[in-house]
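Trainee: Could you take me through one part of this protein in detail? I'd like to look closely at a place where two helices meet.

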Amino acid sequence: PVTKLGHGERRAAVRTALDRLSPTWREIVYLRDGLDLPYREIATIAETTEDVVRTTLSRARARLRELLADHAPEGGTP
(Lines give C-alpha, C1' and ligand atoms only; values in the text may rest on other atoms or scores of the structure.)
Protein backbone atom coordinates (compact mmCIF):
# COMPACT_ATOMS: atom_id res chain seq x y z
CA PRO A 1 0.00 0.00 0.00
CA VAL A 2 1.02 3.57 -0.57
CA THR A 3 1.06 4.51 3.12
CA LYS A 4 2.83 7.89 3.07
CA LEU A 5 -0.30 9.58 1.76
CA GLY A 6 -3.84 10.01 3.01
CA HIS A 7 -6.59 7.80 1.59
CA GLY A 8 -7.68 10.26 -1.11
CA GLU A 9 -4.11 11.02 -2.07
CA ARG A 10 -3.30 7.30 -2.31
CA ARG A 11 -6.27 6.76 -4.59
CA ALA A 12 -5.18 9.65 -6.80
CA ALA A 13 -1.58 8.37 -6.96
CA VAL A 14 -2.71 4.85 -7.88
CA ARG A 15 -5.17 6.18 -10.46
CA THR A 16 -2.47 8.36 -12.03
CA ALA A 17 -0.07 5.39 -12.11
CA LEU A 18 -2.72 3.17 -13.71
CA ASP A 19 -3.43 5.86 -16.31
CA ARG A 20 0.24 5.78 -17.30
CA LEU A 21 0.04 2.08 -18.21
CA SER A 22 -0.88 1.05 -21.72
CA PRO A 23 -4.57 0.19 -22.16
CA THR A 24 -3.72 -3.51 -22.50
CA TRP A 25 -1.64 -3.58 -19.32
CA ARG A 26 -4.31 -1.60 -17.44
CA GLU A 27 -7.02 -4.02 -18.63
CA ILE A 28 -5.08 -7.08 -17.48
CA VAL A 29 -4.28 -5.53 -14.08
CA TYR A 30 -7.95 -4.64 -13.63
CA LEU A 31 -9.23 -8.05 -14.65
CA ARG A 32 -6.81 -9.87 -12.33
CA ASP A 33 -6.37 -7.55 -9.36
CA GLY A 34 -9.67 -5.68 -9.58
CA LEU A 35 -12.03 -8.48 -10.52
CA ASP A 36 -9.88 -11.44 -9.41
CA LEU A 37 -10.53 -13.33 -12.63
CA PRO A 38 -8.50 -16.46 -13.37
CA TYR A 39 -5.71 -16.26 -15.93
CA ARG A 40 -7.62 -18.47 -18.36
CA GLU A 41 -10.63 -16.15 -18.38
CA ILE A 42 -8.42 -13.07 -18.77
CA ALA A 43 -6.67 -14.74 -21.71
CA THR A 44 -10.04 -15.37 -23.35
CA ILE A 45 -11.18 -11.78 -22.83
CA ALA A 46 -7.86 -10.33 -24.03
CA GLU A 47 -7.70 -12.83 -26.91
CA THR A 48 -4.25 -14.05 -25.94
CA THR A 49 -2.61 -16.89 -24.04
CA GLU A 50 -2.34 -17.45 -20.31
CA ASP A 51 1.45 -17.14 -20.57
CA VAL A 52 1.10 -13.70 -22.15
CA VAL A 53 -1.33 -12.70 -19.41
CA ARG A 54 1.13 -13.77 -16.69
CA THR A 55 4.04 -11.97 -18.37
CA THR A 56 2.02 -8.82 -19.00
CA LEU A 57 0.71 -8.77 -15.44
CA SER A 58 4.20 -9.15 -14.04
CA ARG A 59 5.52 -6.29 -16.16
CA ALA A 60 2.53 -4.07 -15.39
CA ARG A 61 2.88 -4.63 -11.64
CA ALA A 62 6.61 -3.88 -11.83
CA ARG A 63 5.86 -0.64 -13.68
CA LEU A 64 3.23 0.32 -11.10
CA ARG A 65 5.79 -0.26 -8.33
CA GLU A 66 8.18 2.07 -10.15
CA LEU A 67 5.53 4.73 -10.64
CA LEU A 68 4.45 4.56 -7.00
CA ALA A 69 7.96 4.33 -5.50
CA ASP A 70 7.98 8.03 -4.60
CA HIS A 71 4.92 7.45 -2.42
CA ALA A 72 6.30 4.50 -0.46
CA PRO A 73 7.18 4.81 3.21
CA GLU A 74 10.86 5.19 4.02
CA GLY A 75 12.64 1.89 3.31
CA GLY A 76 9.44 0.22 2.17
CA THR A 77 7.66 -0.67 -1.00
CA PRO A 78 4.45 0.94 -2.25
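Mentor: Let's start with a term: helices and strands here are DSSP runs, with H or I over at least four residues for a helix and E over at least two for a strand, numbered from the N terminus. Keep in mind that this is a predicted model, where local features need pLDDT of at least 70, side-chain atom pairs count only at pLDDT 80 or more, and totals for chains, interfaces and linings use all residues. Residues are numbered from 1 along each chain as its sequence is written, and side-chain values use heavy atoms, with hydrogens and water left out.

With that settled, the protein has four helices and zero strands, so the pattern along the sequence reads α-α-α-α by that DSSP definition.

Now zoom in on helix H3 (residues 39-46) and helix H4 (residues 50-68): their axes come within 8 Å and cross at roughly 95 degrees. An axis is a line fitted to C-alpha atoms, for helices over the stretch in contact, and the angle runs from 0 to 180 degrees between N-to-C directions. H3 and H4 are therefore roughly perpendicular to each other. For angles, under 35 degrees is roughly parallel, over 145 roughly antiparallel, 65 to 115 roughly perpendicular, and the rest oblique.

Who does the touching? On the H3 side you'll find Tyr39, Arg40, Ile42 and Ala43, and on the H4 side Glu50, Val53, Arg54 and Leu57. Contact means heavy atoms within 4.5 Å. Sorted by class, the contact of H3 with H4 has five nonpolar, no polar and three charged residues. The classes go like this: Ala, Val, Leu, Ile, Met, Phe, Trp, Tyr, Cys and Pro are nonpolar, Asp, Glu, Lys and Arg are charged, and the others, Gly among them, are polar.

Let's stay with Tyr39, which belongs to helix H3. Tyr39 counts as partly exposed, at 22% relative accessibility. The scale is: buried under 20% relative accessible area, exposed over 50%, partly exposed in between, using a 1.4 Å probe and protein chains only. Skipping residues up to four places away in sequence, Tyr39 touches Arg32, Glu50, Val53, Arg54 and Leu57. Take Val53: Tyr39 and Val53 are 14 residues apart in sequence, yet 6.6 Å apart in space, C-alpha to C-alpha.

The ring of Tyr39 has charged company as well: Arg32 lies over its face, at 4.5 Å from the ring centre, and the charged end of Arg54 sits over the ring, 4.5 Å from its centre. A charge sits over a ring if NZ of Lys or CZ of Arg is within 6 Å of the ring centre and within 35 degrees of the ring normal.

Next, look at the loops on either side of H3. Leu37 and Asp36 are in the loop between helix H2 (23-34) and H3. Leu37 is buried, with a relative accessible area of 15%, whereas Asp36 counts as exposed at 58%. Leaving aside neighbours within four places in sequence, Leu37 is in contact with Leu31, Arg32, Ile42 and Ile45. Asp36 isn't a glycine, but has a positive phi of about 60 degrees.

Glu47 lies in the loop between H3 and H4. Glu47 is exposed, with a relative accessible area of 72%, and has a positive phi of about 55 degrees although it is not a glycine.
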